[in-house]
Every structure is written in C-alpha cells, then in structure tokens.
Amino acid sequence: MAFTLRQLQFFVAVAEQGTISRAAQNLSISQSSVTEAIKELEGDLGVELFERHPRGLNITHKGHQFLRHATKILADVSDARRTFFGGQATATGQLKLGVTSLVAGYVLSDLLARYRRAHPAVEISAIEDNGDYLEHLLVGGKLDLAVMVTSNLRDRMALQSEILEVSAYRLWLPLGHPLASAEIISVGDIASEPLIMLSVDEIEENTGKLLAAIGAKPHVAFRTRSVEAVRSLVATGAGVALLPDLVYRPWSLEGDRIESRDVSGSLPVVQVGMVWRRGSSLLAAARDFIGIAQAQRTVRQKL
C-alpha cells in the first residue's frame, strides 16, 4: 500500500466538501489533480471510496471507514511536526474542561486525543452539560475552558470565545426520498414532512424558528437527545431532520444510508468554539489546549 499524505489530504477535502470542484477550490489546485489523486488512492486501497453521481460524490461505507483513519494520520503528522519544531512538552498540572453534548463526540474527542499525546503529564477532568450551566461554571472559575456551541452564548461580557468550526444546517433524508432528487429544496418543501428533532443545545430552537418564519408549525414525529437515534430513524424512513453538517454521517449504526442535501434560503449556522472567562489568567495547560485547537483549525482550513 503506497498512498501518500497528499492523497490523504485530497481525499479528506473531497469527503468534507462533497464535490471535486469545491475541494479543488479550497486546496487552490486543479480539479484534474484532485481527481487523479483520488483514483490513485482507490487503486492503492483496492476499494471504491466515492459513488459518482451528476450532483457530485457520495462517500461509500468503505470510504467513511477510511476517512477516520485518514483524518487521524494527518493529525498525527501535524502533532509530530509541532513536537519536532517546538521541542518536547513538559507541561504538568490540571485542566478542567466543559463540553456541550452536541460537540462532545465530534470535536472534543479529537482535541483531547492530540492534547494527551502532546502533554501526557497533565491531569484532565471534563464535564458534559448544557451551555447555560457551563457558562455559569466558567464565570465562577470552576472550569478553565469549555468546548461548546457558541452561536447563542449568553454572557458575552464575562466570557471570551474563539470559533473552531462553523457548520451549516442541511436536510437529512432516507435513501430514495422524493426530495433527494430535487434540484432545489426550499424550507417550504420541508414544512409538511415529519421531523425527527434533536433536542440538544439550540438545535430544536433553531429549527422551530426556521419553520415559524414561513408560517409553518413543525410536524415533529420524534424528539431525541441522541444523534445516533436521529440517524437510525431518518434512515428507516420515520422522518427527515434538519441538522448541522458537523454531525452528519452517511450511515446509521444499522448500516442504512442517509442522504444529505442543501436547503435554499437563509438557514442558521452552528458555531463551535472554545470559551473561557474574560480577563482570567489562563494556566499553561489551558493555553496549550487552545494552541492545539488553533493548530488543528488551521490544518482543516488548509485542506
């Protein structure tokens, strides 16, 4: 197996952007270079990573499995380079983190893994809770940092934040749904569909506001705090979902396919970032965590 880091970077970019053209634009290279790299990678692996269709690409089940490995490899390379140029980390102490449930498994897990590799002597404790309570703990000095949805941050006078990722809302559909083949999907098209509602952070609030803006009352078929439950319910045809692309995965736990489509109009976005008490003297452990998160954001932007 002779794939290169360049091929992995191009693969991750295409997987995240959904089309060769958008990936090439973000990478500032030609579409033919991206296409060739993906074909070479598929040849090296002996599997098809993407299904081609007129609107772009869908990542296959094998491609989705390989995406996790590719992302980890690129992160490990970034860690190795930072260690080589920055010297061995010797930080010790404690780091008290908070996290909201929506981002716990999609943002914090990767950051923690890289932080532990870089600073194994730091003792880390983390708590998962809703945004309001985490803000209370930050202001009270009970937490050093929180990784959370910052779109609706309440106490902006007392707290400082830095955005790590911005994720747009998209429509999740079961395979074969009539809207999956539509050229343009409007919010009005969704109003009569049964909704699978994720009731964490501000997701339910945003979805309700979005439909209320067109004079429609959400037809909620099921409410859940589990993203995996949303995936399974959508995949089996129980309804559709409007969720940030951050948590999209093309397969349910049962192996059923989930489609994702853009929706025309002004949809909200979810901002995920780091939050800490304004004016506080951050300990070295917290500053190092922020540095690692900033480096990873830079790597993702370059992809």
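Colleague: In which helix of the chain is confidence lowest, and in which is it highest?

Modeller: This is a predicted model, in which local features need pLDDT of at least 70, side-chain atom pairs count only at pLDDT 80 or more, and totals for chains, interfaces and linings use all residues. Residues are numbered from 1 along each chain as its sequence is written, and side-chain values use heavy atoms, with hydrogens and water left out. Confidence is given as pLDDT, the predictor's confidence in each residue from 0 to 100, and helices are DSSP runs of H or I with at least four residues, strands runs of E with at least two, numbered from the N terminus. The lowest mean, 74, belongs to helix α4 (residues 61-86), and the highest, 95, to helix α9 (residues 227-235).

Colleague: What radius of gyration does the chain have, and why does it agree with a compact globule?

Modeller: The radius is taken over C-alpha atoms, and the globule rule is 2.2 Å times the number of residues to the power 0.38. For 303 residues a compact globule would have a radius near 19 Å, so the chain agrees with its 20 Å.

Colleague: Which residue pairs with Glu228 in a salt bridge?

Modeller: A salt bridge here is a side-chain nitrogen of Lys or Arg within 4 Å of a carboxyl oxygen of Asp or Glu. Glu228 and its partner are three residues apart in helix α9, so about one helical turn separates them. Glu228 is partly exposed at 30% relative accessible area, while the partner is buried at 2%; buried means under 20%, exposed over 50% and partly exposed in between, with a 1.4 Å probe and protein chains only. The N to O distance is 3.1 Å, and the partner is Arg231.

Colleague: How many residues apart are Arg170 and Asp245?

Modeller: The side chains of Arg170 and Asp245 meet in a salt bridge at 4.0 Å, N to O. The pair links distant parts of the chain, with Arg170 in strand β6 and Asp245 in the loop between β9 (241-244) and β10 (258-261), and the separation is 75 residues.

Colleague: Is Arg170 buried or exposed?

Modeller: Its salt-bridge partner Asp245 has a relative accessible area of 28% and counts as partly exposed. Arg170 has a relative accessible area of 18%, so Arg170 is buried.

Colleague: Where is Ile163 in the chain?

Modeller: At 35% relative accessibility, Ile163 counts as partly exposed. The place of Ile163 is residues 159-174, strand β6.
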